[in-house]
Amino acid sequence: MASSVFSILAIFMLLFQPNVSAQNSPVFACDVDNNPGLKNFTFCDSSLDVQTRVDDLVKRLTLQEKIVNLVDNASSIDRLGIPKYEWWSEALHGVSYVGPGTHFSSSLVPGATSFPQVILTAASFNETLFKTIGQVVSTEARAMYNVGLAGLTFWSPNINIFRDPRWGRGQETPGEDPTLVSKYGVAYVQGLQERDDGDKHRLKVGACCKHYSAYDVDSWKGFERFSFNALVTKQDMDDTYQPPFRSCVLDGNVASVMCSFNQVNGKPTCGDPDLLTGVIRGEWKLNGYISSDCDSLDVMFKNQHWENTPEKIAADALKAGLDLNCGKFLSQHTEAAIKAGLVKESDVDRAVTNNFATLMRLGFFDGNPSKQIYGKLGPKDVCTPANQELAREAARQGIVLLKNSVGSLPLSPTAIKSLAVIGPNANVTKTMIGNYEGTPCKYTTPLQGLTASVATVYQAGCANVACGTAQVDEAKKAAAAADAVVLVMGSDLSIEAEGRDRINITLPGQQNLLITEVASVSKGPVILVIMSGGGMDIQFAKENPKVTSILWVGFPGEAGGAALADIVFGQYNPSGRLPMSWYPQSYTEKVNMTNMNMRPDPATGYPGRTYRFYKGDTVYTFGDGLSYSEFRHHLVKAPKFVSVPLEKGHVCRSSKCKSIDTVEQTCKNLAFNIHLRVTNIGTMGGSHTVFLFSLPPAVHGAPQKHMLGFQKVHLAPRQQSVVRFGVDVCKDLSLVDEVGNRKVALGQHVLHVGSLKHSLTVRI
């Protein structure tokens, strides 16, 4: 979700978030304790099913009452005991103050747990962690709701694909791989939504998967998200851009999907009936509401000039399947659109039915929340020691060790008598929590974390991350006198953010110079720490033998400095892996950011996108990451052949086929298992990520490599464990052909199981 370009209020809230004295009580409907007459309304009877209740409510409403409930700042219906409700709250990596639905209060809840920005959490490749963070965030959200500081609907997560390294919002996403993004989205949504009593029909809070679809250009060389038309092939749509949303709805049972600002193939996503009604409702059967991004209907009218009147825009959106408008557009133009015959009241009925049904699943119409399952939560349940420790653990699990020369990391806190800590990000606070942030419980900066273990000398080296002029001499003096050096470099929201895509993917300003000069005079280990959302071209540091270790810490959240120190001093064994590829600067010079094609084009020299298709050099690639331990792999079980049964008369019985359709009769019970024994042969316990990749036959523009799954295993020194993968042939080994049909390629599939390769032949 994006803040409105038109709303001065929203911009003010993003930049200047004050402490707000709340009413200290939650907003809810059907307050039968104070208004006993409400008991007579069927929609207030919590013993009935949601459909019966919502049907009763909608039939009681006037047209005007329906219309004012099509927008995020929904108006009250006093005669029915329904208060106003603000739908827009955010919880990307903790309860956020972005959006008018949530506030912090110095006297009640001054802050909430701020977990690492999503891109770093994704680097843990730990589905259990993804879900656990969601559970903690929803508990804190419910606690804040109970004292009037938050709503119940949170427009998170962002499950767009991190397609291009320049995208300013890549930090919000789980990375470049559709399987990882899908698994993150499902786990985080389940953590947010699933209730502790197991009631599948109710919600703890309502999540929202965004931005649907093919949204990953904000502002680049004159191209703006508000007018950008993403030209996407059917094949790329179905095998890259759509799978995370499909999983979010079908596997995560998310309560909402948000359509994006951009157009896809010439149609605004929030006005495209094929994308909304056809796919989200028709194919995926969303149980919830479809929201617009904020002011996207205004964008359709003023920026994209999709229709010549606002009434036609309102009608297009409602008929396409939109239920809720973040903004005021539908409240201002829907009635006139109905009067003009452009849209029917039944379309409005459908929309408000979906909206109110979601609120009913959240318990909003069940009376006083203090009598419900989460009614006892309050300020004591926010920023608990356990929650803050989880933020630290999430950062530890995500931090990626990219380079480590012999004798460098981990540092010994007893052997290191003096540590030089240098760099513009060495003592930052807010930079660590990225965007869509909230007020954290507290901060531990890198300098504070490192100083807790050894004596440190600090030099910023640059006035800020832009580093127009590096203070090289002071930094070199500190480095030369120290036993070891930690350089904390990278970016912040002034470099990469919503509405701010990068032009260059090198370290800003004179950061390279500062690193090289400091390393040249250092007498001990030099640890380069990159704090950023996107990848950086740091080939110079990778190749410099004086830079002995490199760590990427993303934007590591409120406890990022403590987590960094845990890894630097060997109290934690790094296990993070990159969730996105890091490209050389030359990539940005020859690849247009607005080219949405995933697959390479040899005729034009276009190299393709992400590790799945990109043919070219990288600085680091998806899945890279080192450990302080060494893990050995042994394949225990894997088939060499899989036979696909064909019905009588199938065309492939009489002619040679490169692939077959994934039809039900072919795919039934077509699965196998892979078992891999993993042994920690190092002297330090730690976690290890095991990847399962497939290199399919080169048919139908198949990916050169794609991830089927991943598992995280923790092993003590000399301990071993068997990691098991279940592979569904039609789901996992299939691919999307040029026209969007899913097929299984026949022939040899090379499986990468951990560090091993195994050939599997799919035959008929």
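Two strands pair if DSSP finds at least two bridges between them. The views below come from a predicted model.

**View 1. Strand 26 and its pairing with strand 21.**
Strand 21 covers residues 686-695 and is joined to strand 26 by four bridges. These two strands run antiparallel. One position to locate in the view is Leu695, whose bridge partner in strand 26 is Val750. Strand 26 itself spans residues 747-753 and is mostly covered, with five of its seven residues buried.

**View 2. The hairpin of strands 26 and 27.**
Strand 26 also pairs with strand 27, residues 756-763, through seven bridges in the antiparallel sense. Within this pairing, Gln748 has Thr761 of strand 27 as its bridge partner. The two strands form a hairpin, and two residues lie between them. Gly754 sits in the turn and has a positive phi of about 60°.

**View 3. An open sheet of six strands.**
The strand order across this sheet is 11-16-15-14-12-13, and the pairing is mixed. Strand 11 (400-404) and strand 13 (456-459) are the edge strands, each of which pairs on one side only. On average, neighbouring strands of the sheet are turned by 15° against each other, with direction ignored.

**View 4. Strands 14 and 15 with helix 17.**
Six bridges connect strand 14 (residues 484-490) to strand 15 (residues 526-531), and the sense of this pairing is parallel. Val485 has its bridge partner in strand 15 at Val526. Helix 17, made up of residues 511-521, packs on the sheet. The helix touches strand 12 (419-422) as well as strand 14 and strand 15. The direction of helix 17 makes about 175° with that of strand 14.

**View 5. The cavity and its lining.**
Searching the whole structure gives one cavity of 30 Å³ or more. The largest cavity holds about 30 Å³ of space. Its lining includes Phe162, Arg163, Asp164, Pro165 and Glu176. Met580, Ser581 and Tyr583 are also among the residues that line this cavity. By residue class, the lining of the largest cavity divides into four nonpolar, one polar and three charged residues.

Terms used: Residues are numbered from 1 along each chain as its sequence is written. This is a predicted model: local features need pLDDT of at least 70, side-chain atom pairs count only at pLDDT 80 or more; totals for chains, interfaces and linings use all residues. Side-chain values use heavy atoms; hydrogens and water are left out. Axes are lines fitted to C-alpha atoms, for helices over the stretch in contact, and angles run from 0 to 180 degrees between N-to-C directions. Contact means heavy atoms within 4.5 Å. Buried means under 20% relative accessible area, exposed over 50%, partly exposed in between (1.4 Å probe, protein chains only). On a 1 Å grid over the protein atoms alone, a cavity is a set of points where a 1.4 Å probe fits but cannot get out, and a pocket is an open set with protein on both sides within 12 Å along at least five of seven lines; lining residues have an atom within 4 Å of a point. Grid points are joined across faces, edges and corners, and a volume is the space filled by probe spheres set on the points. Ala, Val, Leu, Ile, Met, Phe, Trp, Tyr, Cys and Pro count as nonpolar, Asp, Glu, Lys and Arg as charged, and the others, Gly among them, as polar.
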